[in-house]
Amino acid sequence: MKTRFFFLLLIMTQIAGAQTAPAELIELIKKALDNYPKLKEANEYVNLSEAKKDLAYGAYMPVISGDASYRYGKPTPSISIPLGPNITKEIAFLPANNFDLGLKLQQPIWDFGRTGANIQKSKSDIATSKDNLENTKNIVAYQVAQVYFGIVFLNKSVDVQNEQIKLLEANEKLISDKIKNGDALKFDLLSTQVKKNNAQNRLIDLQTQLKKQYDLLNMVTANSTYDYITDKTVDKKLFSADAVSVDNNFDIKVLNDKLSTANWDVKIAKRGWLPSLVANASAGYKNGFVPDINKLMFNYNVGVGLNVPIFSSARPNYQTKISKINLQATTYALEAQKLSLNKDISQAKNDVAATENKLKNYELQVEQANEALSLANTRYRGGVITNLELLTAQTNLQDAQLGKIQLEYNLLLSKLDLNRIGGVKFW
C-alpha cells in the first residue's frame with residue numbers, strides 16, 4: 001500500500017511540475033504541420049508504402065484472364081476411309097482454322113512463405129515511411145520552436161536597445177542643459193550623440209534580424225504578417241536536459257526499420273529456390289473436337305501445377321549474399337549512428353552545464369552594472385565623474401543585459417537540440 005502511494009505521489013509530482021509550451025508556439029507548429037510541403041511529401045510516401053502492401057497481398061489472389069485466339073494451320077492430319085468401290089471419305093482430325101475463346105484462372109495455393117515474407121517486408125517499409133514522417137514533423141516542430149524563441153529573445157534585445165536609447169536621450173538632454181549653464185562641454189554632447197546614433201544603428205540591425213526570423217517562420221506556417229508573437233518570457237523549466245535517450249531518436253527508429261526490412265530481404269532471397277503450387281482452371285469455347293472439328297464447343301479443364309526452380313537467371317544465391325551484405329551494412333550504420341548521437345548528447349549536456357554557469361555570472365554582472373549605473377548617474381549629476389564615465393556605465397549595463405539574453409537563448413537552443421535528438425514531443 002505504501003509503495004502504491006509512493007508511486008502515485010511521484011506521478012502527481014511529475015505532472016504538477018511538467019511545463020507546457022506557450023500557446024502561441026503550439027498554434028504555429030500546428031500551422032507548420034498542416035502547410036509545410038515537405039510533410040505532405042512524407043505523407044504521400046506513407047500512402048505509397050500502404051499501396052505496396054496491398055500489392056504484396058495481391059499475390060494471394062487469383063489471376064483471371066480472358067483469352068481469344070485464332071490460328072490457321074496446314075497440313076491438317078486426316079485419314080481416308082473406303083466406303084465402297086471407288087468411294088472414300090476424308091476424315092480430318094484437326095481443323096485448318098482454329099478458334100479458342102475462354103476464361104482462364106490461376107490460384108496460388110502454396111508458395112512456401114514467399115508472399116508472406118514480401119508482405120512483412122512491405123509492413124516494415126510502412127513503418128519506415130511513418131517514422132520518416134514523424135522525423136520530419138519533429139524537425140519542423142523544433143525548427144519552428146527555434147525561430148519562435150529567437151524572435152522572443154530578439155524582442156527582449158530590442159527592448160534593451162530601446163532602453164539604452166532612452167537613457168542616451170535623457171543623458172543628451174541633461175548635457176544640453178549643463179552646456180547652457182556652462183557646466184559641460186560640447187565634446188560631451190557630441191560623444192553622447194555618437195553613442196545614441198550607434199545604439200540606433202544596432203536597433204535597426206536587431207529589427208532587421210527580427211524581420212528575417214519572421215520571414216523564415218512565415219515560410220513554414222503560411223503566415224504573411226509580422227509582430228504577431230507577443231510573448232517575451234521563457235520558462236526556464238520548459239525543456240529538460242536530463243531524460244534524453246537515443247532509443248527515441250527518429251533516425252535510430254528509421255534505421256531499426258531498415259534493419260527489419262533487410263532481414264526480410266534475406267528471408268525472401270533464401271526462398272527463391274522453393275517451389276510454388278498453383279491451381280489452374282479454364283472454360284470457354286473452341287473447335288477441333290471430333291467428330292465435328294469445325295464446330296465451337298463449350299469445354300473446361302481443372303488442374304494443379306507445381307513449379308520447381310532448377311536454374312534461375314535471378315540467382316537466389318547471389319541475391320541472398322547481397323541481402324546479407326546489406327543487412328550487415330545497416331547494422332553497422334545503426335551502431336555508428338548511436339555512437340554519433342551519444343556524442344552529440346554528451347556535448348549538448350556539457351554546453352548546457354557550461355552555459356548555466358556562465359549565466360549565473362551574467363546575472364550577477366547585470367546586478368552590478370545596474371548598481372554601478374545608479375551610482376554613476378548620482379555622481380554625474382553631482383559633477384564628480386565625467387560624461388565618458390557615465391557613458392561607460394550605461395554601455396556596461398547594456399552589454400551585460402544583451403549578453404545575458406544571448407546566453408539564455410544559447411541555453412534554450414542547447415536544450416532544444418537535446419530534446420530534438422531524444423525525439424521528445426512537446427507540442
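**Exercise 1. Describe the turn that joins β2 and β3, and then the pairing of these two strands.**

Solution. In this predicted model, β2 and β3 make up a hairpin in which two residues stand between the strands. Within that turn, N86 has a positive phi of about 60 degrees. The next step is to look at the strands themselves: β2 covers residues 78-84, and it pairs with β3 in the antiparallel sense over six bridges. One of the matched positions is I81, whose bridge partner in β3 is K89.

Continuing along the chain, one comes to A96, which is found in the loop between β3 (87-92) and β4. With a relative accessibility of 15%, A96 counts as buried, because the cut-off for buried is under 20%. A96 also has T76 at a C-alpha to C-alpha distance of 6.2 Å, although 20 residues separate the two in sequence.

**Exercise 2. Work out the order of the strands in the open sheet, and find which strands stand at its edges.**

Solution. Begin with the order, which is β1-β4-β5-β6 for the four strands of this open sheet, with antiparallel pairing. The edges are held by β1 (63-72) and β6 (297-307); each has a single partner strand, so one side of each is left without a neighbour in the sheet. From one strand to the next, the twist averages 20 degrees.

Now take the pairings in turn. Strand β4, residues 97-110, and strand β5, residues 276-286, are joined in the antiparallel sense over 10 bridges. Here L105 has A281 in β5 as its bridge partner, and K104 stands opposite S282 in β5. On going further, β5 and β6 are found to pair in the antiparallel sense over 11 bridges, with A279 matched to V304 in β6.

**Exercise 3. Classify the ring pairs F153 with Y409 and Y214 with Y228, and say which parts of the chain each pair ties together.**

Solution. A pair of aromatic rings is described by the distance of the centres and the angle of the planes. The whole structure holds 13 aromatic pairs. For F153 and Y409, the centres are 5.4 Å apart and the planes stand at 50 degrees, which makes the pair tilted. F153 belongs to helix α4 (residues 114-180) and Y409 to helix α8 (residues 387-421), so the contact ties together parts that are 256 residues apart in sequence. As for burial, F153 is buried at a relative accessible area of 5%, and Y409, at 14% relative accessibility, counts as buried too.

For Y214 and Y228, the ring centres lie 5.0 Å apart and the planes are at 75 degrees, so this pair is edge-to-face. Y214 sits in helix α5 (residues 186-221), while Y228 is in the loop between α5 and α6 (250-270), and the pair therefore ties together parts that are 14 residues apart in sequence. Y214 is buried, with a relative accessible area of 1%, whereas Y228 counts as partly exposed at 23% relative accessibility.

Two further ring arrangements complete the solution. Ring pairs link Y142, Y148, F149, F239, F426 and W427 into a cluster, and K267 lies over the face of W264, at 4.2 Å from the ring centre.

**Exercise 4. Find the residues that lie nearest the centre of the largest pocket, and the elements that give two or more residues to its lining.**

Solution. Rolling a probe the size of a water molecule over the atoms shows where empty space is left. The largest pocket holds about 300 Å³ of space, and its lining consists of 15 residues. Of these lining residues, K236, L359, E408, L411 and K415 lie nearest the centre. The elements that contribute two or more residues to the lining are α4, α7 (316-381) and α8.

**Exercise 5. Decide whether V384 is buried or exposed, and place it in the chain.**

Solution. V384 lies in the loop between α7 and α8. Its relative accessible area is 56%, and V384 is therefore exposed, because the cut-off for exposed is over 50%. As a last step, compare V384 with P22: the two are 362 residues apart in sequence, and their C-alpha atoms are 48 Å apart in space.

Notes. Residues numbered from 1 in each chain as written. Predicted model: local features only at pLDDT ≥ 70, side-chain atom pairs only at ≥ 80, totals over all residues. Heavy atoms only, no water. Phe/Tyr/Trp six-rings, centres within 6.5 Å; stacked < 30°, edge-to-face > 60°. Buried < 20%, exposed > 50% of the residue type's maximum accessible area, 1.4 Å probe, protein only. Lys NZ or Arg CZ within 6 Å of the ring centre and 35° of its normal. Pairing = 2+ DSSP bridges. Axes fitted to C-alpha atoms, helices over the stretch in contact; angles between N-to-C directions. 1 Å grid on protein atoms, 1.4 Å probe; cavity = no way out; pocket = protein on both sides within 12 Å on 5 of 7 lines; lining within 4 Å. Points joined across faces, edges and corners; volume = space filled by probe spheres on them.
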